[in-house]
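Please open the model in your viewer and keep the sequence panel beside it. The tour below goes from one selection to the next and says what is to be found at each stop.

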Amino acid sequence: MMHHTIPLSQSVLRGSFSRDYDPVLTAASEDIITFQTPDIEWGYSPEPGKAVRTLRPAAEEADPKHPVIGPIEIQGASPGMTVEVRIQKLETGWYGRSWGGGAGTWQSEAMQLTGDRTAIDWRLDRETSTATADIGDVSYTVPMQPFLGLIALQPRGRDVYPTPPPYYTGGNIDCRELTAGSSLFLPVETEGAMLYAGDGHAAQGDGEVSGTAIECPMDKASIQIILHPDMTLTQPYAKTPAGLVTFGFDTDLNIACANALRDMNRRMAAAFQITEEQAAALAGAVVDLRITQVVNGVKGVHAVLPEDRLHVAGLASDSS
């Protein structure tokens, strides 16, 4: 096991996914990778009073979106395998920003917002794990729950893929449950897997209803990469402090719901050695269905089986 550190610089940033991008690092299974990420506007400031440094992609891109670190090549990874990304530590920067309103977005039209796009600036305090913003003479404080909105493997094919929609190899999932202590499992669709990560969030509600979370840089993100050669997936799932999480992505929210529920149901049936119909009956009592995000064109839904909600006795094998 090696511990790699990727310093924040223009040379390690991309604003899209492509098989033609050279890897910024080659890592082996069980290696730990630590890196920093810029904010959603491609800026970074290390501390209050320091100017925000604006970064760009490593090479010219037609339409860069989210600034992401990568790609990171994973030794031995081939299509049909699975990469587990263990999220070990996440430390936000000192500032964040969120937006609401503005013309031309689904969420603004849905909420009948007619005003200009409006930003709120947040002060992030890692000691108290809180974010505070001033609106007029009033201060608003929310608890932080840091996560990376985007963790992806390279989709198949040689196209250049935009970062905003989530894919079945991961991507801009924007799931608030993917905090430190989580493992995200992603299917490999290209040689070397080619991992990307970024899009720091200090706090977000389910749905990301305004179009943004509290978007922030990450001063420190540490992940461990585990390659599972004999595990084959068709879509991501995660083990998190909140419990088992399965995902569904589609432009149709009903289809996204169905995909998340189907994967959860099959996993419960296999883990508990019961039929899928019996698993569905159990799920009705214990599984939460949540809207991950509705703002990226491809909508996201996640199903959650909370760790402490279902107690199983007498099962011969481990049901975790």
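**Stop one: Val286 and its contacts**

Begin by selecting Val286, which, leaving aside residues up to four places away in sequence, touches Met268, Val304, Leu305, Pro306, Arg309 and Leu310, a contact being heavy atoms within 4.5 Å. This is a predicted model, in which local features need pLDDT of at least 70 and side-chain atom pairs count only at pLDDT 80 or more, while totals for chains, interfaces and linings use all residues. Residues are numbered from 1 along each chain as its sequence is written, and side-chain values use heavy atoms, with hydrogens and water left out.

Val286 lies in helix 3; helices here are DSSP runs of H or I with at least four residues, strands are runs of E with at least two, and both are numbered from the N terminus. Its relative accessibility of 7% makes Val286 buried, a word that means under 20% relative accessible area with a 1.4 Å probe and protein chains only. Now add Val304, which is 18 residues from Val286 along the chain, with 8.6 Å between the two C-alpha atoms.

**Stop two: helix 2**

Next select residues 253–272, the 20 residues of helix 2, whose end C-alpha atoms are 28 Å apart, in agreement with the expected span of 28 Å, which is 1.5 Å times one less than the number of residues. Among the buried residues of this helix are Cys257, Met264, Met268 and Phe272. Show the surrounding elements too, since the buried residues of helix 2 pack against strand 21 (237–240), strand 22 (243–250), helix 3 (276–286), strand 23 (288–293) and strand 24 (299–306).

**Stop three: the cysteines**

Which disulfides does a search of the whole structure find? It finds zero, a disulfide being a pair of cysteine sulfur atoms within 2.5 Å. For Cys175, the nearest cysteine sulfur is that of Cys257, 14 Å away, and Cys175 is buried, with a relative accessible area of 0%. For Cys216, the nearest cysteine sulfur is that of Cys175, 16 Å away, and Cys216 is also buried, at 1% relative accessibility.

**Stop four: the largest pocket**

Finally, turn to the largest pocket, which holds about 450 Å³ of space. Of its 25 lining residues, Arg117, Gly211, Thr212, Val295 and Asn296 are the closest to its centre. A pocket is an open set of points on a 1 Å grid over the protein atoms alone, where a 1.4 Å probe fits, with protein on both sides within 12 Å along at least five of seven lines, and lining residues have an atom within 4 Å of a point. Strand 10 (95–100), helix 1 (106–110) and strand 19 (195–201) each supply at least two residues of the lining.

How values were computed: Grid points are joined across faces, edges and corners, and a volume is the space filled by probe spheres set on the points. Buried means under 20% relative accessible area, exposed over 50%, partly exposed in between (1.4 Å probe, protein chains only).
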